[in-house]
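Visitor: I have a structure open and would like to learn how to read it. Could you take me through it feature by feature?

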Amino acid sequence: MSVGLGCVPLMMRADEVRPDTVGVMLEEVNVAGVKQMARLNDEPEAATVLSGSALERLGVAAIKGISDVVPNFYVPDYGSRMTSSIYVRGIGARMDQPSVGLNVDNVPYLNKDAYDFDIPDIASVEMLRGPQSTLYGRNTMAGVINVTTLSPMRYQGWRLMAEYGSGEAIKISAGWYHKFNSRAGLAIVGAYGSRDGVFTNQYNGKKVDHERNWSGRVKFHWRFKDGWNLQNTAAAGYLKQGGYPYEWKETGEIAYNDTCFYHRFTFTDGLAIRYSGDNYSVASITSVQHINDNMTLDQDFLPEDFFTLTQKKRETALTEDIVVKGKEDGSYRWLAGIFAFYKHLDMDAPVTFKDRGIADLIEKHRNEANPMYPISWNTREFSLNSNFTIPTWGLSAYHESDLTLGKWTLSAALRLDYEKSVLNYLSSCDTGYAIYQLTDGKYEYYRDTEIYINDEGRISRDFLTLLPKLSATYSLGEDGGNIYVKVSKGYKAGGFNTQMFSDVLQQRLMVMMGVGTQYDVDRIVSYKPEKSWNYEIGSHLLFPEIGVRLDLAAFYIDCRDQQLTMFPDGTTTGRIMTNAGRTRSFGGEISVNAELTDRLILNCSYGYTNARFIRFNDGISDYKGKYLPYAPRNTFFVQGIWSVPTGVAWLGDVTFDVNIRGTGDIYWNESNTEHQNFYALLGAGITLGDDRLSLQLWGKNLTDTKYHTFYFKSMGNEFLQRGRGLELGATLRYNF
Amino acid sequence: MKKKLIYALAGCSLLLTACNTGNGENEQTMTYPTCNFVIPKDGTTPTMSYGSYTFKSKMSASLWDMSVSTTSLSINNTARTFVTQTYPVVNVGGYKQIIKNVSSDPASGGYEISNGTFMLSAYDNLPKDFLPNKVFTPTQKDEKGKISYIPGTVFYPNMTGYISPLVVAQYDFGSEYKVKTFFCDAFYAGKTNTSYSLPNGMSGMAESEKMVYRVIMDLDKKKAGIVIYNAKFSDSDKEPEKAAIYIPGLDITFQGESYEISGKDIIPLIPEGNLPALPDPDKFTPYPTFKFNEFKMVMTNSWLTSTRMEFSVADTYKGYFSGSYVKIPENM
């Protein structure tokens, strides 16, 4: 475990409580602590924990910010805040179900469209790599991220922050933390962020990646009786964002004529109640989450009137996790739990065809097939409408037993997971066209044709799976670390690719015009679960005498039916989720944290992943042996932190921070014909002050390295998104 | 879709009565439409006509017995009747029921038949994902603009309502005629082999089991039309797949104890958009690009269920289809 990037106890003033101490206080309840059988240090897990101060130093306020800092953990920044495509050890997801779970203050986020949001006053971020499916269940096949925000039981007072950066980026936050007595505390936090953006749409000269966001959080903690703890965190956020700065590879420019935006409202509440007795503890973690968003795109991303897409979504989810744990000391330890969830999704997703789209994608195909009887659409704009309702519910039970024999700890865990999902769809269209007859070189009106589509359907899927985990850990003594081996099964739920409905409906339209292949909705829209077997060996080595911690891990992942996103060639409007035959991934990670002196810290991490197809033939090409797209082969992070006293009491210290993040190579497609070479980004910061008042001047990508974070093809056109260039800014913090 | 076409023999029918006799027996009486091919044994011209057969089934001690009768067998423009005796039903897996060595007793009423074999069957040969009704079920729009499908209507002429189970039968009618049943609106599935040669020099061969042929016969006019579903005559990307292409105005001719359907230089039609409530080929669009230079269909078994079709299209594509609309069991 990489402990405390930036957590340097010796740099604290002795009489002050730093709000960034790693780990959680016993009075607090969080899902991570509840499901751990031992200190995270001693668990057979490849885990990285980042403290609050480490995150502040790196300027991280959201999950995307820790990309590359954690080895083999990559979250490309592209599109909008709706896109949170996390890749860990070659396993990831760009659409629909996530591969990495996210818990924020006990709320398990079930929809990754809501993963990307700024979180003020993070106390810690814990990233567990490798399948966590046995204890955390669905969609944690590549790992789980646990975010804990600051507790009023840990810190009292005010925390104010104001930041200004490139692209007219402004962030302000204010948090009030109050402890009523030794048993109860309350925190109220609010934040606002805005930016004008750095990417320009050449079509209209406006910035495309502008953003406004508001968020708030209320955290309440109450130890209402001896042995009992109650914690409730409610959070809400609203986002208005442009987004989607995709440049056309042919011109290198971002230029599209129709609007693109993403708006989102989220509300979450997590209630955790825990009873800790002499021989056992019981914890109940209940959450509710609601997301209401609207994504509207110029789907062709060109300055032409092809088509636009709108996707409006309203989803509400309820979860309940009950964990019973036996005595935490002793040679035998156990925990058991039940998890249940229900989520309900309503979505409207119309695709609007415009003049050029009607001409090139519809009329042209029809008229090439029957040139003697060409057609002309009655209007130059019409919509293919799709409405979905997707209720999903699941129930699972799990157990883990740990047995310590001398220096060895043997662990076995099992989870039985059942899930059912139903897709109710309604596709509709009301349009028409005129047919002409070519006679003696002249077009004469033949007749009108009406197109009414009103297709309703229901598809149901259920999934039952068993998820085991076995591990053996050898302890190297107190503060010596450990060596472990682990075998575990990972699982990502199947589901429905609703974005494919636009293709299904378009083909339906073409079939009604006499040309086209009708798609089987069930076969096109449904996709199967993804399963993997993960084999890992690792070690946590501590050298306290020299202040060094070393974490090592090597892994091999055998993945079946991997869910991959493909953009079909040609003129379709949506993306396909397919289950690739079989893939494998192997690699390793190393993290070193060294306190070289009481004022000099060195952190570095490196991750290598070799992820390839063992078997994948999409009917057109065979991709056996090719690298998996979007998963980087290398991640690299190195950071040096040097603190120098100013000699002036009220000024505190001057801290210099230099860091380098590296990523790549990344292949953009299954055929590996397009890729991004390895690139490195230099960051630096100077912080003046102390824990009470500090001013940080920072810079990111100081060498203005050019790189891309995303690539795709649509209608035969290639698009890329550039990574952010040089950014400079200043952050002022005042805690009192 | 397939479930609509595969009829539980205890299910959809034009006339269905069922009762429990109270003695632990079940009786069912079902009447199914079909067509009759009447072949004079003296070699004169056969005739085709519409008709129906009534099947009376009785189950006792878990065994089915069945008898057959008809009141609409047209011979020399006169409706003939017969009632057979009761025979044990042979179940041949799936939705097939057969009675063999069937004869009637004129003393019971009607005419004499002999050497009869009758089979009731569902469509069992269609591709798994065959979905014509999804596309071509007629729709209507009410005054509020709400769109709904008209249930029970099927794409093209002569057939309304659900397609009933198939009657496959042969028998001797008296000493003068041999009668074979056939289905005048049948979906044939099997394998189509095509070869093509394009003006730009591209050529190739392709094989498909997706193409389904619906043969619709107008017995009064002795004309037939054939709908080819999922029609694609090559594996070239240049040729679009046609959900349905209709070849009208083919001639029905008799060949011995069988018949043929053929035509030349026919411009096919494609349906476009939503169909009106009543099917009307005049609302289809001519498709000159795919003119059928020649088309010929011959029946390849004595039960008139299997066929071979040969066609050439646009002077570019040649196709050969071999298939059936229902499988005949080996012990039939």
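**Where the chains meet**

Guide: Let's start with the contact surface: about 2300 Å² is buried between chain B and chain A, and carbon and sulfur atoms give 48% of that. Buried area here is the accessible area (1.4 Å probe) that two parts lose on being put together, summed over both. Bear in mind that this is a predicted model, where local features need pLDDT of at least 70, side-chain atom pairs count only at pLDDT 80 or more, and totals for chains, interfaces and linings use all residues. Residues are numbered from 1 along each chain as its sequence is written, chains are lettered from A and ligands numbered from 1 in the order in which they are written, and side-chain values use heavy atoms, with hydrogens and water left out.

Visitor: How many residues does the contact take from chain B and from chain A?

Guide: Chain B gives 25 residues and chain A gives 30, with contact meaning heavy atoms within 4.5 Å.

Visitor: Which residues form a salt bridge there?

Guide: A salt bridge is a side-chain nitrogen of Lys or Arg within 4 Å of a carboxyl oxygen of Asp or Glu. The count between the chains is 1: B:Glu272 with A:Arg366, whose closest N and O atoms are 2.9 Å apart. On the chain B side, the elements giving two or more residues are helix H2 (132-136) and strands S10 (139-141), S11 (147-149), S18 and S21 (285-286). Helices (H or I, at least four residues) and strands (E, at least two) are DSSP runs, numbered from the N terminus.

Visitor: What does the largest nonpolar core look like in numbers?

Guide: Such a core is a set of buried Ala, Val, Leu, Ile, Met, Phe, Trp, Tyr and Cys residues joined through side-chain atoms within 4.5 Å. Buried means under 20% relative accessible area, exposed over 50%, and partly exposed in between (1.4 Å probe, protein chains only). The largest one has 151 residues, and B:Tyr188, B:Met217 and B:Tyr259 have the most contacts inside it. Strand S18 (residues 242-255) of chain B supplies the largest share of this core, 7 residues. There's also a second, separate core of 23 residues, including B:Met30 and B:Phe173.

Visitor: And chain B as a whole?

Guide: Chain B has 2 helices and 24 strands, and 51% of its 332 residues count as buried.

Visitor: How do I read a sheet?

Guide: Strands of a sheet pair through backbone hydrogen bonds, either parallel or antiparallel. DSSP must find at least two bridges between two strands for them to pair. In chain A, an open sheet of 3 strands runs S16-S40-S39, with antiparallel pairing. S16 (247-248) and S39 (708-714) of chain A each have a single partner strand, so one side of each is left without a neighbour in the sheet. S39(A) pairs with S40(A) (residues 717-722) over 6 bridges; in S40(A), A:Gln721 is the bridge partner of A:Phe710.

Visitor: Which backbone oddities should I look up?

Guide: Try the cis peptide bond joining A:Gly664 and A:Asp665, with omega about -15°. A:Asp665 sits in the loop between strands S34 (653-664) and S35 (666-667) of chain A. In chain B, B:Lys222 isn't a glycine, yet has a positive phi of about 55°.

Visitor: Is B:Lys222 buried or exposed?

Guide: In between: at 35% relative accessibility, B:Lys222 counts as partly exposed. B:Lys222 lies in the loop between strands S16 (212-218) and S17 (223-231) of chain B.
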